[in-house]
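Here are a few notes to read with the model open beside you. Take the points one at a time and find each residue as you go.

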Amino acid sequence: MGLRQENLKIVGKLCVIALGMFAFGYALVPIYRHICDALGINVLAVSETRIPGAARLPANTQVDLTRTITVEFDTNVRGPWNFKPAVRSLQVHPGELTTVMYEFQNIQNRSMAAQAIPSYAPKQSAAHFNKLECFCFTQYTLAAGEKKEWPVAFVIDPRLPKDVHTITLSYTFFEVGGKTPPAPESAALAPAASAQGGA
């Protein structure tokens, strides 16, 4: 009989622990909400911001508003087609999400497969230029005369060295199947991009 009573005690303790765990899990959402409100985050999901009357997202604290970086967009082609960015340069703050559209058109009378490779100037900026969406390193097939637009979404890491004020993002677009051309030299990029940006 003693063993049966001890087993019942253990089962009772396990039931209490299981109920406690369930109650804690159930209470996590309101606890999380209170913590987020106290810290000023106050959004559990982006979808909540789309509900009419819902509070707006607080300003992104990762954006460094004290700095402005000039980003220049340079394009090089290896073949008979058109390839250009929608804008030649932009002023952005480190930490700010920015999107730039690129336009590509196959002006030949035949289909072609092509892809782009990026390069950066100055070289140390490459580690701080974070692309969230990019067409680079992907092969695309375009019919004769076909035109496409592709976005490049990027964020510049706020840890970018303070002495870097201008970054040049350069793409070289080439036809797949031939010899892959080398990316432009970073040293030669900056003057060429600046000349295009001023044009």
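Is Glu146 buried or exposed, or does Glu146 count as partly exposed?

1. Let us settle that one straight away. Keep in mind that you are looking at a predicted model. Glu146 has a relative accessibility of 25%, so Glu146 counts as partly exposed. The cut-off for buried is under 20%.

2. Now look at the partner of Glu146. The side chain of Glu146 meets that of Lys148 in a salt bridge, with 3.4 Å from N to O. Lys148 is partly exposed too, because its relative accessibility is 33%.

3. Next, try the pair Asp157 and Arg159. Their side chains meet in a salt bridge, and here the N to O distance is 2.8 Å. The two ends make a nice contrast: Asp157 counts as buried at 12% relative accessibility, whereas Arg159 counts as exposed at 67%.

4. A search of the whole structure finds three salt bridges, and one of them joins Arg110 to Glu175. The closest N and O atoms of this pair are 2.9 Å apart. Arg110 sits in the loop between β4 and β5, while Glu175 belongs to strand β9, so this salt bridge ties together parts that are 65 residues apart in sequence. Arg110 is partly exposed, with a relative accessible area of 38%. Glu175 is partly exposed as well, at 23%.

5. Let us turn from charges to nonpolar side chains. In soluble globular proteins, such side chains tend to be buried together. In this model, the largest nonpolar core has 28 residues. The members that touch the most other members are Tyr102, Phe104, Phe135, Ile156, Tyr171 and Phe173. Several strands each supply at least two residues of this core: β1 (69-78), β2 (81-85), β4 (98-106), β5 (112-121), β7 (140-142), β8 (147-156) and β9 (166-175). Colouring these strands is a friendly way to find your way around.

6. Which residues form a nonpolar patch on the surface? They are Ile10, Leu14, Ile17 and Met21, and together they have about 430 Å² of accessible area. Ile17 lies in helix α1, which covers residues 2-39. With a relative accessible area of 49%, Ile17 is partly exposed. Ile17 does not count as exposed, because that word needs a value over 50%.

7. One last look back before you close the viewer. Strand β9 is worth a second visit: Glu175 of the salt bridge with Arg110 lies in β9, and β9 also supplies at least two residues of the largest nonpolar core.

Definitions and conventions. Residues are numbered from 1 along each chain as its sequence is written. This is a predicted model: local features need pLDDT of at least 70, side-chain atom pairs count only at pLDDT 80 or more; totals for chains, interfaces and linings use all residues. Side-chain values use heavy atoms; hydrogens and water are left out. A nonpolar core is a set of buried Ala, Val, Leu, Ile, Met, Phe, Trp, Tyr and Cys residues joined through side-chain atoms within 4.5 Å. Buried means under 20% relative accessible area, exposed over 50%, partly exposed in between (1.4 Å probe, protein chains only). Helices (H or I, at least four residues) and strands (E, at least two) are DSSP runs, numbered from the N terminus. Patches are made of residues with over 30% relative accessible area and no salt bridge: like charges are joined within 9 Å, nonpolar side chains (Val, Leu, Ile, Met, Phe, Trp, Tyr) within 5 Å. Accessible areas come from the Shrake-Rupley method with a 1.4 Å probe; for residues, only the protein chains shown count as cover. A salt bridge is a side-chain nitrogen of Lys or Arg within 4 Å of a carboxyl oxygen of Asp or Glu.
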